[in-house]
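Dear colleague,

I am passing on the structure we spoke about, and below it I have set out what turned up when I went through it. Please read the notes with the structure open beside you.

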Amino acid sequence: QGNTNGVAKGYIYGDGTFGSATSTYGAIISMREFKQDIVDASSQLADVKAAAAIMKKFRFKDDPEGPLQLGWIVDELQPICPGLIMESQLKDGTIRYGIKTSIAHQKAFKALGELIEVVEQQQKEIDELRQLIH
């Protein structure tokens, strides 16, 4: 639990879920003054499509009666989007792999923007064809 002036602002629960009073994860480091080499992001459609195709539903072994979760299996995601994989070493030296879900969200947001542009262009073409028919 994280506190500010005695008031709880963030938690890490036993199941690994992080909860925040503000939901502004790292917002300050998103400011332009902290960044350099800024360029437009490349297309993310292929990565997002491939990652979506391998999404799974599962339960964690330590909670066999728990709710079904939605997500990826690192072993399957790594060949598709290696940049989404993070490696952590535990105190005993064991290596664990996880998924940088915040980066996955950003990729999905970029892909959504690309799809919106496609839909808008298609709608424009449909409208133009309708005008020709009438």
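A salt bridge is taken here as a side-chain nitrogen of Lys or Arg within 4 Å of a carboxyl oxygen of Asp or Glu. Please keep in mind throughout that this is a predicted model.

With that definition, a search of the whole structure gives three salt bridges. One of them joins the side chains of Arg130 and Asp127, with an N to O distance of 4.0 Å. Because these two residues stand three places apart in helix H3, about one helical turn separates Arg130 from Asp127. Arg130 is partly exposed, at a relative accessible area of 47%, and Asp127 is likewise counted as partly exposed, at 37%.

Another salt bridge pairs Lys107 with Asp47, whose closest N and O atoms are 2.8 Å apart. Lys107 belongs to helix H3 (residues 101-133) and Asp47 to helix H1, so this pair ties together parts that are 60 residues apart in sequence. As for the surroundings of the two partners, Lys107 is buried, with a relative accessible area of 15%, whereas Asp47 is partly exposed, with a value of 27%.

The remaining pair is Lys56 and Glu76, where the closest N and O atoms are 3.5 Å apart. This salt bridge links distant parts of the chain, since Lys56 sits in strand S4 (residues 56-58) and Glu76 in helix H2 (residues 74-77), 20 residues apart. Lys56 is partly exposed at a relative accessible area of 33%, and Glu76 is also partly exposed, with 33% relative accessibility.

Turning to the interior, which residues make up the largest nonpolar core? There are nine of them, namely Ala51, Ile54, Trp72, Val74, Leu77, Cys81, Leu84, Ile85 and Ala104. Leu84, a member of that core, is in contact with Leu77, Gly98, Ile99, Lys100, Ile103, Ala104 and Lys107, if neighbours within four places in sequence are left aside. Two of these names have therefore come up in other roles, as Ala104 belongs to the nonpolar core and Lys107 is the buried partner in the salt bridge to Asp47.

Finally, you may wish to look at the backbone at Asp37, which has a positive phi of about 55 degrees although it is not a glycine. Asp37 is found in the loop between strand S3 (18-20) and helix H1 (45-53), and Asp37 is exposed, with a relative accessible area of 68%.

With best wishes

Notes:
Residues are numbered from 1 along each chain as its sequence is written. This is a predicted model: local features need pLDDT of at least 70, side-chain atom pairs count only at pLDDT 80 or more; totals for chains, interfaces and linings use all residues. Side-chain values use heavy atoms; hydrogens and water are left out. A nonpolar core is a set of buried Ala, Val, Leu, Ile, Met, Phe, Trp, Tyr and Cys residues joined through side-chain atoms within 4.5 Å. Buried means under 20% relative accessible area, exposed over 50%, partly exposed in between (1.4 Å probe, protein chains only). Contact means heavy atoms within 4.5 Å. Helices (H or I, at least four residues) and strands (E, at least two) are DSSP runs, numbered from the N terminus.
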